[in-house]
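Open the model in your viewer and keep the sequence panel visible. This tour says what to select at each stop and what is found there.

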Amino acid sequence: MARLTINGKTLEVNVNPSTPLLWAIREQVGLTGTKYGCGIAQCGACTVHLDGAAVRSCVLPVAAAEGKKITTIEGLANGGALNKVQKAWLDHEVPQCGYCQSGMIMAVAALLKEKPKPTDAEIDARITNICRCGTFQQVREAIHAAAKA
Amino acid sequence: MITRTPKLNRRSFVIGSAAAGAGLALGLKIPFGASVVRAQDGSPEVNAWVVIRPDDTVVIRIARSEMGQGTLTGLAQMVAEELECDWSKVKTEYPTPGQSVKRKRAWGDFSTGGSRGIRDSHQYVREGGATARIMLIQAAANAWNVPASECSASNSVITHKPSGRKTTYGKVAEAAAKLTQPEKPTLKDPTEWKLIGKSVKRLDTIDKLTGKQVYGFDLKLPGMLNASIKDCPVFGGKVKSYEAAKVTGMPGVRHVVKVGDSAVAVVADTWWQAKTALDALPIVWDEGENAKVSSASIAAMLKEGLDADQAFVANQNGDVKAAIAGAAKKIEAVYAYPFQNHAPMEPMNATAKYTPDRCEVWVPTQNGEAAFAATLAASGLPADKCEVYKINLGGGFGRRGAFHDYVTQAVLIAKQMPGTPVKLLWTREEDMQHGRYHPVMQCKLVGAFDAGNNLTGLHMRLSGQSILTAVRPEALQQGKDPLVFQGLNPGGDFAFGYSVPNLLIDHAMRNTHVPPGFWRGVNINQNAIFLECFMDEMAHAAGQDPLEFRRKLMSKHPKHLAVLNAVADRAGWGKPAPRGVYRGLAHMHSFASYVAACAEISVKDGDKVKIHRIVAATDCGYAVNPAQIERQIAGSFVYGLSGLFMEECTVKDGYIEQTNFNTYDSMRIAQMPKVESIIMASGGFWGGVGEPTICVAAPAVLNAFFAATGKRIRTFPLKNHGITLV
Ligand code: FES
Ligand code: FES
């Protein structure tokens, strides 16, 4: 059993405390926007926010997320209005297959909270998600656009 | 062992004959008569491609798969262009392979690969839109009792010109659906296009931003269980034994099952439980003979092929042996390209539900029909008892097209628990070790010059794997695999772009037990490196500028030359580059498109490569959606440059050593160069977009690396030389 607060709702999930948060979110809570790509903190597809900071949920035991505020991609849009990162992603048509983009958007949203106008170097240092479709050129443009919004 | 696509039997002959390339023209002949075919919501189907709802929503059917490259939007643009419908009311849907079988392949080929989504179907999808328009206009004319020739359609509105009367598609669709389809409609001249050639927004973006989009991996069905699988790490090996009792008591575990003769799966309430139990399950493998194979033994086999007497010839003129023997000067080089895995971000998965009466599969696939064939074969049921539902793909890149091993596995698991839907999801480790890898290839090149430093002869000997031998042996030509020679053929969609007085390009086929597959770009990836880096080597050997050296050999190849000139001009070839920046060039004819790149790089400490910019050009004939083409150019470079710098699957004791992105890396945003695209659509042909450009990035960067360091790297990936992309 673990008590999780996800996107503003608190719920009990019936899992072994060592279960990675990713799988609790997907399989117990039923939110499937957060993806699995590697399971070893390499790709960032599973990125969610823990008290506002980006974390890779595939290696984070559920126990470590108890008592913290978890935000997933489903909780990023506020009352149906797209977050400025999502909006920039839409304007710049960033996604190709889209599979990596939940994690990419969550990583960028956390970055912008900390550094509202990131430089290219800051983007390079902080956004390390893998995108096999290769959307990086649009990702960079969209980050700068979101920073201006 | 060679991996083959499922054998097609009589039950599935419809698919079989088409998969063997029997032509796509079956498309539009559906008997309609007076009975209306209806979509699921009851809306009338004007023809196989177009459903129109009473509220004027236009649903366009898309047979190919959208796997990220924008095919869905591009194909919808093509239908809508001829349909003259309101683009803002367009929606799309996938017909199922089962429906396709029932309707005699009304939608043609489902296969999405080889950059063929648009270039192979442009004719019949536009005809689909045109016939629907003609029928809609006819229906309005009938209602008004006027000749159809006095009516025209635009933006989903039909107008009777003399009277000014108007109606909409939604209002006449029901009547239109009862009409007989006209024969071959006349299509618009390209100069009349309003939608083709426009960078309209993709139709499928929004759900990818909110977590709403359902990929195969996200599918939930009532009562569904989850499976995790381990196949014998050595290809061709088998399961000897496993101790199910050790894990059956673990949380959530429902079944431990053998899958075929080479794999074991744990089926549990959740996937994490299944995976945890599988990790704890003792399995003993019978690895077989292939356990003796290593990267070194494969390399030695290929090396022997470089000088073997027997080889398949693809391109030949003059007498290359004599030219080399009589040369005033000759140079020689040997290159080698490794195995690489596709590693799409979404690992392989499929969901299957089996009863003795019906087998259903939900799967992210590049080829719904091939998934259907795999379902028939694994279930043992006839076509009318099977169905496949295509779910969104988290990337394909060739892994999910010809190969449906995961579908076979899912069905074999589901068969052991009839009535229960089972979702099989591979770990990334399973994906890395059970790929259908980019084939290994070595190449020996010899260039001969006369005393005036003119190129008089070129011999290019390839030695390595044949994909078609493993995957589609019926496509071999007296044993020769024509696909090996992409970019090196005398003509066609992959034409060699030089005139060399004495030329020989041949292939010594050397196959391995590691299953090969179609990896984005396929064989043109290594052919572009071999040819375009060696061109650079020959230019330097001849003491000539690499661009001028090429130009002299290209006068009979104006389209190749045009893209090469375009990138050279835009990049400022021949003018000084910024301090410390060096340039390299490459071009190819790839999937019917002419492509070229000029890379600008700098190198720190001899091994840290920064790619500042790549100027890329493509002449794809007609450009359907330029904004999406630009994204494909940049995206293909990420895939290709990841391959060049970082990616290799090595073989030890018969298995692939790399297991995840920590040992098989992929580019990050920090390593992304600025990509400047030049789309120079010269018209008159339909070239591919998803793959063509991938092949020019690597040789352009390698040639720039030589310009910067004087070092020629001929084996890949570059990480093996301590070279990193920064
Ligand atoms: S799935 Fe968590 S980082 Fe890849
Ligand atoms: S958009 Fe496909 S992996 Fe990033």
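## Stop 1: a helix end in chain A

Select Ala147(A) and show what surrounds this residue. Apart from neighbours within four places in sequence, Ala147(A) is in contact with Leu112(A), Pro116(A), Lys117(A) and Pro118(A). Keep in mind that this is a predicted model. Ala147(A) belongs to helix α6 of chain A, which covers residues 136-148. Is Ala147(A) buried or exposed? Its relative accessibility is 7%, and the limit for buried is under 20%, so Ala147(A) counts as buried.

## Stop 2: Ala41(A)

Now select Ala41(A) as well and draw a distance between the two C-alpha atoms. Ala147(A) and Ala41(A) are 106 residues apart along the chain, and their C-alpha atoms are separated by 26 Å. Ala41(A) sits in the loop between α1 (21-29) and β3 (47-50) of chain A. Its relative accessible area is 30%, which makes Ala41(A) partly exposed. Check the backbone here too: phi of Ala41(A) is near 65 degrees, a positive value in a residue other than glycine.

## Stop 3: the two domains of chain A

Colour chain A by domain. Domain 1 spans 2-75 and domain 2 spans 84-148. Their C-alpha centres lie 21 Å apart. In the contact, domain 1 of chain A takes part with 17 residues and domain 2 of chain A with 13 residues.

The area buried between these two domains of chain A is about 1,200 Å², and carbon and sulfur atoms give 58% of it. How many salt bridges are counted between domain 1 of chain A and domain 2 of chain A? The count is zero. For polar contact, the count between the two domains is six residue pairs, both residues at pLDDT 80 or more. On the domain 1 side of chain A, β3 and β4 (53-56) each supply at least two residues to the surface that touches domain 2. By class, that side has seven nonpolar, eight polar and two charged residues.

## Stop 4: where chain B meets chain A

Show both chains and select the residues of each that touch the other. The contact takes 60 residues from chain B and 50 residues from chain A. About 4,500 Å² is buried between the chains, with 57% of this area from carbon and sulfur atoms. Within chain B, label Leu209(B), Met345(B) and Ile669(B): these lose the most area to chain A, together 19% of what that side buries.

Next, turn to the charged pairs. Three salt bridges are found across the interface of chain B and chain A. Select Asp218(B) and Arg26(A), which form a salt bridge whose closest N and O atoms are 2.9 Å apart. Between the chains there are also 30 residue pairs in polar contact, both residues at pLDDT 80 or more. Which element gives the most to the side of chain B that touches chain A? That element is α17(B), with eight residues. Sorted by class, this side of chain B has 27 nonpolar, 20 polar and 13 charged residues.

## Stop 5: domains 1 and 2 of chain B

Hide chain A and colour chain B by domain. The assignment gives domain 1 (6-207), domain 2 (216-288 + 348-425) and domain 3 (295-340 + 437-725). Stay with domains 1 and 2 of chain B, whose C-alpha centres are separated by 35 Å. Their contact takes 27 residues from domain 1 and 22 residues from domain 2. These two domains of chain B bury about 1,900 Å² between them, 60% of it on carbon and sulfur atoms.

One salt bridge is found across this interface between domains 1 and 2 of chain B. Select Glu369(B) and Arg105(B): they form a salt bridge, with the closest N and O atoms 2.6 Å apart. Helix α3 of chain B (residues 97-102) gives the most to the side of domain 1 that touches domain 2, with five residues.

## Stop 6: two loops in chain B

Go to Phe591(B), in the loop between β22 (582-590) and β23 (593-604) of chain B. Phe591(B) is buried, with a relative accessible area of 2%. Phi of Phe591(B) is near 50 degrees, a positive value in a residue other than glycine.

Finish at Pro717(B), in the loop between α18 (694-709) and β28 (724-725) of chain B. The peptide bond from Phe716(B) to Pro717(B) is cis, with omega near 5 degrees.

Conventions:
Residues are numbered from 1 along each chain as its sequence is written. Chains are lettered from A and ligands numbered from 1 in the order in which they are written. This is a predicted model: local features need pLDDT of at least 70, side-chain atom pairs count only at pLDDT 80 or more; totals for chains, interfaces and linings use all residues. Side-chain values use heavy atoms; hydrogens and water are left out. Helices (H or I, at least four residues) and strands (E, at least two) are DSSP runs, numbered from the N terminus. Buried means under 20% relative accessible area, exposed over 50%, partly exposed in between (1.4 Å probe, protein chains only). Contact means heavy atoms within 4.5 Å. Domain bounds come from an automatic or database domain assignment. Buried area is the accessible area (1.4 Å probe) that two parts lose on being put together, summed over both. A salt bridge is a side-chain nitrogen of Lys or Arg within 4 Å of a carboxyl oxygen of Asp or Glu. A polar contact is a pair of N or O atoms within 3.5 Å; within protein, one must be able to donate a hydrogen and the other to accept it, and residues adjacent in sequence count only if both atoms are side-chain atoms. Ala, Val, Leu, Ile, Met, Phe, Trp, Tyr, Cys and Pro count as nonpolar, Asp, Glu, Lys and Arg as charged, and the others, Gly among them, as polar.
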